[in-house]
Structure formats: structure tokens, C-alpha cells
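Please walk me through the place where the ligand is held in this protein, beginning with the space itself and ending with the individual contacts.

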Amino acid sequence: MKFSGSNVLITGASRGIGKEIAKTLANFGLKVWINYRNGIDAAELVKEEIEKNGGSAAIIKADVTSEKEFNEAIKTIVDSDGQFSYLVNNAGITKDKLSLRMSMEDFTSVLNTNLTSTFIGCKAALKVMRKQRFGSIVNISSIVGEMGNPGQVNYAASKGGVNAMTKSFAKEAASRGIRYNAVTPGFIQTQMTDELNSNIKEEYEKNIPLLRFGQSSEVANAVAFLLSDYSSYITGEILKVNGGLYV
Ligand code: NAP
């Protein structure tokens with residue numbers, strides 16, 4: 001894979017899919033900025049692992065639901081590296097409940113973390129990248145934003161919003177040489193899905209044409225492709241990484 005840029009910020013990279021994306025992109029030679037909110041020890045471990053493998057990494061604290069903190073993180077990166085090549089909006093949460101039991105807090109907190117933070121990141125990246133006339137952004141969405149899921153009205157709305165927003169940013173920014181794409185993972189083995197009841201998990205697996213949950217590395221490879229020069233004519237795309245569960 002070839003990358004014309006040199007650095008990347010991955011939000012929520014202290015564990016799960018974000019961590020794997022960080023490791024994969026470091027292997028491709030990018031300097032990786034590992035964002036975390038609470039898990040400083042976990043973020044430090046990701047940095048150490050990358051450096052042990054000869055990669056370059058830095059950790060950066062920010063709650064991405066705060067425009068001020070997210071903007072400051074990007075400013076820190078530009079001040080340090082003189083440019084900002086790539087952004088992966090990965091941080092996300094779930095607060096699953098059937099809709100009749102879902103409180104406004106359950107709804108708005110998921111919207112804020114998954115959708116509003118992605119807007120903040122996409123906008124902040126555009127401000128910097130339009131001056132460079134270069135940049136690529138990948139938003140981590142979900143299969144649930146495409147097909148819906150009981151108990152996830154909040155999450156589905158947030159990820160459906162991410163998909164629509166990605167396409168709109170792509171259209172606004174294309175003439176500046178900046179690309180926006182999203183990936184929609186299906187069920188991926190992480191802490192988020194470890195919380196699922198094992199019977200439900202088995203039931204889901206039976207319905208996946210590839211008959212298994214995906215690995216974080218399989219999402220990370222798709223993200224690397226969409227950031228890289230190998231996808232230079234692709235923008236506004238929503239790439240499914242779901243084992244065929246929704247096609
Ligand atoms: P995870 O293991 O729960 O990790 C989530 C990460 O997001 C953590 O590093 C967490 O950091 C960070 N985070 C949460 N709120 C944040 C905030 N306000 N500011 C900064 N960081 C924040 O989740 P995951 O399974 O890897 O999921 C990653 C992304 O993939 C999410 O967008 C999720 O919706 C999407 N996805 C996952 C699956 C799946 O099967 N796992 C499927 C489809 C899509 P702290 O610990 O510091 O809070």
C-alpha cells in the first residue's frame with residue numbers, strides 16, 4: 001500500500017478496532033497519533049507495542065465530543081508535525097435498550113459520541129487539509145446504520161447519520177483534493193461485542209455467510225486501503241466489512 005501523507009490521528013485508539021487500526025497504519029510507516037479519553041495506560045501500551053515493532057507513535061488525550069478538545073488535539077499534531085495527512089473517526093459507544101425503555105440520555109449520549117464527534121473531526125480536518133490540498137478521512141460506521149437493529153435505535157441513527165454525512169463531506173471537499181469515506185463493520189470481535197450474551201452471539205454467527213465474527217485487523221486493512229493512494233479515485237464510499245451479513 002502507498003501513502004503520500006505521513007501522519008494519522010485515530011480517535012479511540014486505546015483498544016479494540018482503533019488499536020488495531022493504529023498498529024496497521026504504523027506498519028505502513030505512518031506516524032500514528034493514538035487518541036484516548038480515559039484509558040491512558042491502555043494508550044501507552046499501544047504506543048509501546050508500535051515502537052517495539054519499529055513504528056512511530058504518540059498519544060493524545062481528548063474527549064472527541066468536545067469541539068474544543070478535538071480542535072486542540074489537531075492543532076497539537078499540526079504544530080508538532082507541520083501537517084496533518086489522515087484522520088480516522090473511530091471512537092464510539094453503545095447504550096442498547098428497546099426504544100420504549102431508552103431514555104433521552106441514552107439517545108443523546110450515543111448521538112454525541114458517534115455522530116457529533118465525527119462532524120467535529122471531519123470539519124476540523126477540512127480546515128487544515130484544504131490549505132494542504134491533500135487529506136483522507138475514514139469514518140468508522142456500522143452495519144447497524146444500514147440495516148437497523150432492535151435495541152439500537154440510538155446507535156443505528158448515529159451510524160446512519162455518519163454514512164450520510166460522509167457522502168456530503170466528500171462532495172464538499174473533493175475539489176480541494178480531500179477524500180471522505182466510511183467503513184461499515186458487521187460483528188467484529190472486540191470488547192463491545194464481548195458484552196453480547198453467548199446465545200445471541202451464536203445466533204448471529206449462524207446468519208453470517210462467512211460464519212464467523214470479523215477480526216479488528218480485517219477492518220483495519222479496509223481503513224488502510226481507503227486512506228492510501230490505492231483508493232485515490234474513491235470518495236463518498238461506504239465500504240462494507242461484514243462477512244456478507246448485509247449485501
Ligand atoms: P471499544 O472497544 O469499546 O473502544 C471504543 C474506543 O472509543 C475506546 O478507545 C474509548 O476510549 C473510545 N472513546 C469512547 N468515547 C470516547 C470519547 N468521547 N472521546 C474519545 N474516545 C472515546 O469499541 P470498538 O468495538 O473497538 O468500536 C470502535 C468503533 O467501531 C466504534 O465506532 C463502533 O461503533 C464501531 N463498530 C464496532 C463493531 C464491533 O463489532 N465491535 C461493529 C461495527 C462498528 P476510552 O476507553 O478512553 O473511553
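**The pocket and its ligand**

In this predicted model, the largest pocket encloses about 1200 Å³ of space. Its lining is made up of 46 residues, of which Arg 15, Gly 92, Ile 93, Thr 94 and Met 192 are the closest to the centre of the pocket. Sorted by class, the lining comprises 18 nonpolar, 21 polar and 7 charged residues. Several elements contribute at least two residues each to this lining, namely helix H1 (16-27), strand E2 (31-36), helix H6 (153-173), helix H7 (191-194) and helix H8 (198-207).

It is in this largest pocket that the ligand sits. The shell around the ligand draws two or more residues from each of the helices H1, H6 and H7. There are 30 residues around the ligand, and those that come nearest are Arg 15, Arg 37, Asn 38, Asn 90 and Tyr 155. The shell divides into 11 nonpolar, 15 polar and 4 charged residues.

Which atoms of the protein lie 3.2 Å and 3.1 Å from the ligand? A backbone N or O atom of Gly 12 is found 3.2 Å from an oxygen atom of the ligand, while a backbone N or O atom of Val 64 lies 3.1 Å from a ligand nitrogen atom. A side chain takes part as well, since an N or O atom in the side chain of Thr 190 is 2.8 Å from a nitrogen atom of the ligand. As for how far the ligand is covered, it would expose 890 Å² if taken alone, and the protein buries 96% of that area.

Conventions: Residues numbered from 1 in each chain as written. Predicted model: local features only at pLDDT ≥ 70, side-chain atom pairs only at ≥ 80, totals over all residues. Heavy atoms only, no water. Near = heavy atom within 4 Å. Polar contact = N/O pair within 3.5 Å; in protein donor to acceptor, adjacent residues only side chain to side chain. Areas by Shrake-Rupley, 256 points an atom, 1.4 Å probe, with all protein chains shown as cover. 1 Å grid on protein atoms, 1.4 Å probe; cavity = no way out; pocket = protein on both sides within 12 Å on 5 of 7 lines; lining within 4 Å. Sits in = over half its atoms within 2 Å of the grid points. Helix = DSSP H or I, 4+ residues; strand = E, 2+ residues; numbered from the N terminus. Nonpolar A, V, L, I, M, F, W, Y, C, P; charged D, E, K, R; others polar. Points joined across faces, edges and corners; volume = space filled by probe spheres on them.
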